[in-house]
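Got your viewer open? Keep the selection box handy, and we'll walk through the model stop by stop.

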Amino acid sequence: MKNNKLLSGLGLAMRAGKLVFGEEGVLDAIRTGKAKLVLLAMDASENTSKKFRDKCDSYHVPLIEYGTREQLGSSVGKAERVIIAVTDPGFAQMMVKAKANLAEVE
């Protein structure tokens, strides 16, 4: 997975201050309706994956499982990140489209 629009979009959203990190922060963003999209690293633990799949499902927040924790972290200029919430609808829509385009290519 080389640098693509999804990871680039994460970097842009980071610079715009439209991301939330960490389990508690992301759970709060989902519960309060601020999260427009949740990104989960594919190498997250099974418990973490299940927790966020279920939470996103019940609150109708799109969830994308993508990349490794290292890839997600480096795309936002931080250390490893397992879970990230996007709080801006424009960035969220751009990343969903980018993921759909990646799926077509793969």
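Here is a tour that goes from a strand to its neighbours, then on to a few helices and single residues.

Some ground rules before you click. This is a predicted model, so local features need pLDDT of at least 70 and side-chain atom pairs count only at pLDDT 80 or more, while totals for chains, interfaces and linings use all residues. Residues are numbered from 1 along each chain as its sequence is written, and side-chain values use heavy atoms, with hydrogens and water left out.

**Stop 1: strand β2.** Select residues 37-40, which form strand β2. Helices (H or I, at least four residues) and strands (E, at least two) are DSSP runs, numbered from the N terminus. Leu 37 and Leu 39 sit on one side of β2, Val 38 and Leu 40 on the other, and all are buried. Buried means under 20% relative accessible area, exposed over 50% and partly exposed in between (1.4 Å probe, protein chains only).

**Stop 2: the partners of β2.** Now add residues 83-86: this is β4, running antiparallel to β2 and joined to it by 4 bridges. Two strands pair if DSSP finds at least two bridges between them. Look for Val 86 in β4, opposite Leu 37. Next add β3 (residues 63-65), which runs parallel to β2, with 3 bridges joining the two. Ile 64 in β3 is the bridge partner of Leu 39. To get from β2 to β3, the chain passes through helix α3 (residues 46-59) in a right-handed β-α-β crossover (with the strands pointing away from you, the path from the first strand over the helix to the second runs clockwise).

**Stop 3: a serine in α3.** While you're there, pick Ser 49 in helix α3. Is Ser 49 buried or exposed? Ser 49 counts as buried because its relative accessibility is 4%. Leaving out residues up to four places away in sequence, Ser 49 touches Leu 40 and Ala 44; contact means heavy atoms within 4.5 Å.

**Stop 4: helix α1.** Select residues 5-15 for α1, whose buried residues include Leu 7, Leu 10 and Gly 11. The buried residues of α1 pack against several elements, among them β2, β4 and α5 (89-105). At the N-terminal end of α1, Asn 4 acts as a cap, with a side-chain oxygen 2.9 Å from the backbone nitrogen of Leu 6. Just past α1, Gly 17 has a positive phi of about 75°.

**Last stop: Ser 75.** Finish in helix α4, where you'll find Ser 75. Its relative accessible area is 16%, so Ser 75 is buried.

Definitions and conventions
A polar contact is a pair of N or O atoms within 3.5 Å; within protein, one must be able to donate a hydrogen and the other to accept it, and residues adjacent in sequence count only if both atoms are side-chain atoms.
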